[in-house]
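Here is a short report on one protein model. Please read it with the sequence and the coordinates at hand.

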Amino acid sequence: MLKIIRAAVIGLIGLALSSVAGAQGFDASKLFFGGGLSSNDVSGSDNATGYQIFGGYGFGEVTRNVFIDAEIGYMDTGNMTRGGVNVKAKGLWANGVGRLLVTPNIELIGRLGLDFGDDDGLMAGIGVGFLVTKNLKLRLEYVQRDDVNSVQFNFVFQP
């Protein structure tokens, strides 16, 4: 059943993003990358500091002040301890990201996608972004995976 749900989510995200991409055409100036630190926990464990790196493509404004992106990345939770045993998750992930620009410098962020690493399955998150300059954003997000919950602080750079 999980494989069917996973395939359906990948299909829906792919369909949505390819429709937007097909309507707009590929533009290399819409590529971005980023990374940051995260505080991670698994139920019953202590917290650990981890990191993530990612890249993405901004499909642009789909309606007034609403933007759609696709992101792929790698995360590592750091070492946590649960019941005297070390717990760690790492791996690749892919998300569709929606952003709502609420002021010229503040955006609300929502994400939905899949984790393909040690904590494979659905992942979702919400957060807020601050546009420091035209090319640099700072993000604070809460991301929940099947087992790992993360509070992330990331930078996003678009050359």
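The report goes from the overall fold to the strand pairs, the core and three single residues.

## Basis

This is a predicted model, in which local features need pLDDT of at least 70, side-chain atom pairs count only at pLDDT 80 or more, and totals for chains, interfaces and linings use all residues. Residues are numbered from 1 along each chain as its sequence is written, and side-chain values use heavy atoms, with hydrogens and water left out.

## Overall fold

The protein has one helix and 10 strands. Helices (H or I, at least four residues) and strands (E, at least two) are DSSP runs, numbered from the N terminus. Along the sequence the pattern is α-β-β-β-β-β-β-β-β-β-β.

Eight strands form a closed barrel with antiparallel pairing, in the order E1-E2-E3-E6-E7-E8-E9-E10. Neighbouring strands of this sheet are turned by 25 degrees against each other on average, direction ignored. Here axes are lines fitted to C-alpha atoms, and angles run from 0 to 180 degrees between N-to-C directions.

Of the 159 residues, 40% are buried. Buried means under 20% relative accessible area, exposed over 50%, and partly exposed in between (1.4 Å probe, protein chains only). The accessible surface comes to about 8,400 Å², and carbon and sulfur atoms hold 66% of that. These areas come from the Shrake-Rupley method with a 1.4 Å probe.

Among contacts with a separation of 6 or more, 47% link residues 24 or more positions apart. Contact means heavy atoms within 4.5 Å.

## Strand pairs

Strands of a sheet pair through backbone hydrogen bonds, either parallel or antiparallel. Two strands count as paired if DSSP finds at least two bridges between them. The table lists antiparallel pairs of the barrel, each with one bridge partner couple.

| Strand pair | Bridges | Opposite residues |
|---|---|---|
| E1 and E2 | 10 bridges | Gly34 and Phe54 |
| E2 and E3 | 11 bridges | Gly56 and Glu71 |
| E3 and E6 | 11 bridges | Asp69 and Val97 |
| E9 and E10 | nine bridges | Val143 and Ser150 |
| E1 and E10 | 10 bridges | Ser39 and Val151 |

Several of these pairs are hairpins. E1 and E2 have five residues between them, and Gly44 in the turn has a positive phi of about 85 degrees. E9 joins E10 through three residues. The hairpin of E2 and E3 has two residues between the strands.

## Asn65 in a turn

Which residue takes a positive phi in the hairpin of E2 and E3? Asn65 does, at about 65 degrees, although it is not a glycine. Asn65 lies in the loop between E2 (48-63) and E3 (66-76). Asn65 is partly exposed, with a relative accessible area of 26%.

## The nonpolar core

In soluble globular proteins, nonpolar side chains tend to be buried together. The largest nonpolar core here has 13 residues, of which Val42, Phe54, Met80 and Trp93 touch the most other members. Strands E1 (31-42), E2 and E10 (148-157) each supply at least two residues of this core. A nonpolar core is a set of buried Ala, Val, Leu, Ile, Met, Phe, Trp, Tyr and Cys residues joined through side-chain atoms within 4.5 Å.

Met80 has a long contact list. Not counting residues up to four places away in sequence, Met80 touches Asn40, Asp41, Val42, Ser45, Asp46, Asn47, Ala48, Val85, Asn86 and Val87.

## Two residues of E10

Asn149 lies in strand E10. Is Asn149 buried or exposed? Asn149 counts as buried, because its relative accessibility is 19%. The side chains of Asn149 and Tyr142 share a polar contact of 3.5 Å. A polar contact is a pair of N or O atoms within 3.5 Å; within protein, one must be able to donate a hydrogen and the other to accept it, and residues adjacent in sequence count only if both atoms are side-chain atoms. Beyond its neighbours within four places in sequence, Asn149 is in contact with Ser39, Asn40, Asp41, Tyr142, Val143 and Gln144.

Phe155 also lies in E10. Phe155 counts as partly exposed, at 37% relative accessibility. Outside its neighbours within four places in sequence, Phe155 contacts Phe33, Gly34, Gly35, Phe54, Leu136, Lys137 and Leu138. Phe155 and Ile53 are 102 residues apart in sequence, yet 9.6 Å apart in space, C-alpha to C-alpha.
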